[in-house]
Amino acid sequence: MRTVTATRYVTPLREGGSLPAIVEADDQGLHVLKFRGAGQGPRALIAELVAGEIARAAGLAVPEIVLVELDAELARTEPDPEIQELIRASAGLNLALDYLPGSVTFDPLVEQPDAELASRIVWFDAYVSNVDRTARNTNMLVWHRKLRLIDHGAALYFHHDWEDWRARSVRPFVQIKSHVLLPVASRIAEVDESMRAAITPQVITDIAAQIPDSWLCDGAPFADAREQRAAYVEYLTRRLDAPRAFVAEAIRVHAA
C-alpha cells in the first residue's frame, strides 16, 4: 500500500458524517481523505482498510486505498474552525481512497447489477458485517460504467467492543436484510465457494499487516499491536469456517 503526503486541502465532502475531504497529495493525485481524528477514530480507518482490501482480493472493484501523511500546518490555510480542528486532531497517518472524477452515486431505481455481482457484494458485506450499504446510503459509485465499492468504515463493528469476539465471529449478520442489492442477489449459494477461496488466511494476514501500529490498541484489550493484528486475522479466518452462518442468513432473507 502506497503512502503519500497531503499537500493541499481542496474541499470538504459534507454528505459524510465524519466530514471526509478531497485533498491533493505529493503524487499529483486527488484523494478522498478519511480523518483519523473524526467520528470513530482509527477504528473506522482500520475497517476501511481491511474491508476494502478484502473486497479487492475477492475481485470486487474498490478505488485504490493509500495511507496519507497529514501535517497539522495545513489547518492554517482553512477558514472553517471545524475543519481546522479536524486537521489538527488528525496530524500523522490517515487513509484515503482515490478520487474518481465524474463518478455518480449508484441508484437502484435506475439500474441494477446482474445477479452474480449483486450476490458477491451481498456475500462480502455479510462477511465483513457492513451495516452501511442500504437503499438510503448505497456507498457505491458508478465510474466508467462499473460499480465501485466505497466507504467501509462502518464494517467490522465488533472491534468497537472486543468482548466475546471469538463467539461473535461465527454469528450471522442479521442486518443483511437491509442490503440494497439483496432483492437481486439470487446466486449467493453459487458464489459462496469462490468468494471463500479468494480470501485465504494468507490474504487476511497480509492485509492485517498493513494496519499502521499507530491505529492499533486504541482502547482495545491487547498487549500490543502484534496481538491485536492477530485477533483481526483470527476473527476473519474463523468467520470463513463452515458452516458459514452469515451465508445461510443472507440466503434465507433473500428467499423471504
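**Close-up views of a predicted model**

**View 1. The second largest pocket and what lines it.** Sorted by class, nine nonpolar, two polar and four charged residues make up the lining of the second largest pocket. This is a predicted model, so read every view here as a look at a prediction. The pocket holds about 240 Å³ of space, and 15 residues line it. Helix H3 (115-127) and strand E8 (146-149) are the elements that each give two or more residues to that lining. If you want to centre the view, Pro 113, Leu 117, Arg 145, Lys 146 and Leu 147 are the lining residues that lie nearest the middle of the pocket.

**View 2. The largest cavity.** How many cavities of 30 Å³ or more does the structure hold? Just one. About 40 Å³ of space sits inside the largest cavity. One stretch of its lining runs through Asn 130, Val 131, Asp 132, Arg 133 and Thr 134, and the rest is Phe 173, Gln 175, Ile 176, Ser 178 and His 179. Split by class, that lining comes out as three nonpolar, five polar and two charged residues.

**View 3. Arg 133 and its salt bridge to Asp 125.** Arg 133, one of the residues lining the largest cavity, forms a salt bridge with Asp 125, side chain to side chain, at 2.9 Å from N to O. Are the two partners buried or exposed? Arg 133 counts as buried because its relative accessibility is 1%, and Asp 125 counts as buried because its value is 0%.

**View 4. A salt bridge along helix H1.** Glu 53 and Arg 56 pair up through their side chains in a salt bridge, 3.0 Å from N to O. Both sit in helix H1 (residues 42-57), and because they are three residues apart, about one helical turn separates them. Glu 53 is buried, with 13% relative accessibility, while Arg 56 is partly exposed at 30%.

**View 5. A salt-bridge network at helix H5.** Which residues are linked in a network of salt bridges here? They are Asp 192, Glu 193, Arg 196 and Arg 244. Within this group, the side chains of Glu 193 and Arg 196 meet at 2.9 Å, N to O. Both of those residues belong to helix H5 (residues 188-198), three residues apart, or about one turn of the helix. Glu 193 is partly exposed at 45% relative accessibility, and Arg 196 is also partly exposed, with a relative accessible area of 29%. For the wider picture, the salt-bridge count comes to 17.

**View 6. A nonpolar patch on the surface.** Val 10, Leu 30 and Tyr 99 together make a nonpolar surface patch of about 200 Å². Tyr 99 is found in the loop between strand E5 (92-98) and strand E6 (104-105). With a relative accessibility of 30%, Tyr 99 counts as partly exposed.

**View 7. Two distances to Pro 183.** Gln 112, in the loop between E6 and H3, is 71 residues from Pro 183 along the chain, with 10.0 Å between their C-alpha atoms. Gln 112 is partly exposed, at 37% relative accessible area. Leu 141, in strand E7 (residues 140-143), is 42 residues from Pro 183 in sequence, and their C-alpha atoms are 19 Å apart in space. Leu 141 counts as buried, with 16% relative accessibility.

How values were computed: Residues are numbered from 1 along each chain as its sequence is written. This is a predicted model: local features need pLDDT of at least 70, side-chain atom pairs count only at pLDDT 80 or more; totals for chains, interfaces and linings use all residues. Side-chain values use heavy atoms; hydrogens and water are left out. On a 1 Å grid over the protein atoms alone, a cavity is a set of points where a 1.4 Å probe fits but cannot get out, and a pocket is an open set with protein on both sides within 12 Å along at least five of seven lines; lining residues have an atom within 4 Å of a point. Grid points are joined across faces, edges and corners, and a volume is the space filled by probe spheres set on the points. Helices (H or I, at least four residues) and strands (E, at least two) are DSSP runs, numbered from the N terminus. Ala, Val, Leu, Ile, Met, Phe, Trp, Tyr, Cys and Pro count as nonpolar, Asp, Glu, Lys and Arg as charged, and the others, Gly among them, as polar. Patches are made of residues with over 30% relative accessible area and no salt bridge: like charges are joined within 9 Å, nonpolar side chains (Val, Leu, Ile, Met, Phe, Trp, Tyr) within 5 Å. Accessible areas come from the Shrake-Rupley method with a 1.4 Å probe; for residues, only the protein chains shown count as cover. A salt bridge is a side-chain nitrogen of Lys or Arg within 4 Å of a carboxyl oxygen of Asp or Glu. Buried means under 20% relative accessible area, exposed over 50%, partly exposed in between (1.4 Å probe, protein chains only).
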